[in-house]
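Please open the structure in the viewer and colour it by chain. The tour below moves from one selection to the next along a single interface.

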Amino acid sequence: MKTQTGTTTIATDYLWFETKERKELLNITDHLEALVEKSGISDGFCLVSAMHITAGIWVNDNEPGLWQDLQTWLEELAPAKPDYLHHKTGEDNADAHLKRTLLHHQTILPITEGKLDLGPWEQVFYAEFDGQRRKRVVVKIYGISKG
Amino acid sequence: MKTQTGTTTIATDYLWFETKERKELLNITDHLEALVEKSGISDGFCLVSAMHITAGIWVNDNEPGLWQDLQTWLEELAPAKPDYLHHKTGEDNADAHLKRTLLHHQTILPITEGKLDLGPWEQVFYAEFDGQRRKRVVVKIYGISKG
Amino acid sequence: MKTQTGTTTIATDYLWFETKERKELLNITDHLEALVEKSGISDGFCLVSAMHITAGIWVNDNEPGLWQDLQTWLEELAPAKPDYLHHKTGEDNADAHLKRTLLHHQTILPITEGKLDLGPWEQVFYAEFDGQRRKRVVVKIYGISKG
């Protein structure tokens, strides 16, 4: 077990996305790595949380076949269809709320020695289920600074 | 990117719920805002975690039609039915364990400038699937104090 | 509300697992309690995150009947079957990626008075869906030390 002690630093930033398709999966790992680098935090955590309730965060494989499998599967478990009660408000995106729920909308990434401490295949995706408009993800990095 | 540095404060509290119905969705956003205010923490995180294994936490829309859609959907994916092995112990709530699993049982909310840093529609719900008795949620707020 | 203030300590460790079966559920609560004890942290958080993308973390009941119910249910919602696009890469484990997604791959456990602050029935499980090889879980403990 490695242990570090120090003063806390918290860095806050936001990523904005506007996808071309209504449903899209974006690999944001490099964005997050850049923010961790910029924060100067060497040991800590990075919260990544979709701020709009029809988008989620997925930590999984950088493999396009699996992305398609994921979308097919989400569509089976939480299908787009007209007859949701939510649609009586004028919305048509109830399935997107449920898909976000299945994936979960956030992750906490560990930071060790100044980098995201991910497994060999872990990549971080922004999962949009009702896009084509500007939507935001909060990134909060928390830990002990280099020094 | 905004960065703050300081000494860490951690505040711990518990919320108790006893729902009238067996399944209920309670908007607890105001409770959490009040705890963040009371903690004096200006930048950090708020962990909200259901301590009983038949309840979850859901971050989504404050729209009653969608709540009903969610309950219908959870009932389809994780139905209440007699034939779970868990029921051989005398319990009858295996579906509640699975529903908690689908929703996830916790969330981490970012705190920025002394307030929950939520998206425009994000509200936090306690999701009870086997209520009518006293159950608890731990709230741990962590960050840098005002000053 | 109890509040503590102090200097931050972060402890990092890794747990390795090699399950005998391809799918297995391991109760790792005692391992985590031991790491919290070793870290000397009295108030804070413990991130537990599966670093391989075919495994997850589940916080639920220490009841073998329910474990079997969970596995049956996951198999219904995310079945092992040949016809995933991911399998064109030579893999045969797309269902394991989806099962990890359903369970979620991580949890944050609160630490209060030097111990995991879990509910009366909460236990932490490593959920392996494509095992029989060495795989890793990162544990990062974060908070204020005893003093």
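Select chain C and chain B together: in this predicted model, the area buried between them is about 3,200 Å², and carbon and sulfur atoms give 62% of that area. Within chain C, highlight Met1(C), Phe45(C) and Trp73(C), which lose the most area to chain B and together make up 22% of what that side buries.

Next, display the residues in contact across the interface: 40 residues of chain C touch 36 residues of chain B.

Turn then to the polar features. Between chain C and chain B there are 19 residue pairs in polar contact, both residues being at pLDDT 80 or more. The elements of chain C that each supply at least two residues to the side touching chain B are strands E1 (2-6), E4 (41-50), E5 (55-60), E6 (106-112) and E9 (135-145), together with helices H2 (64-77) and H3 (94-103). Select H2(C) in particular, as this helix gives the most to that side, with seven residues. Colouring the side of chain C that touches chain B by class shows 18 nonpolar, 15 polar and seven charged residues.

How many salt bridges cross the interface of chain C and chain B? The rule finds two. In a salt bridge, the side chains of Arg100(B) and Glu122(C) meet at 3.1 Å, N to O.

Finally, select strand E2 of chain B (residues 8-17) and E1(C). These strands run antiparallel and are joined by five bridges. Centre the view on Ala11(B), which stands opposite Thr3(C) in E1(C).

Note on methods:
Residues are numbered from 1 along each chain as its sequence is written. Chains are lettered from A and ligands numbered from 1 in the order in which they are written. This is a predicted model: local features need pLDDT of at least 70, side-chain atom pairs count only at pLDDT 80 or more; totals for chains, interfaces and linings use all residues. Side-chain values use heavy atoms; hydrogens and water are left out. Contact means heavy atoms within 4.5 Å. Buried area is the accessible area (1.4 Å probe) that two parts lose on being put together, summed over both. A salt bridge is a side-chain nitrogen of Lys or Arg within 4 Å of a carboxyl oxygen of Asp or Glu. A polar contact is a pair of N or O atoms within 3.5 Å; within protein, one must be able to donate a hydrogen and the other to accept it, and residues adjacent in sequence count only if both atoms are side-chain atoms. Helices (H or I, at least four residues) and strands (E, at least two) are DSSP runs, numbered from the N terminus. Ala, Val, Leu, Ile, Met, Phe, Trp, Tyr, Cys and Pro count as nonpolar, Asp, Glu, Lys and Arg as charged, and the others, Gly among them, as polar. Two strands pair if DSSP finds at least two bridges between them.
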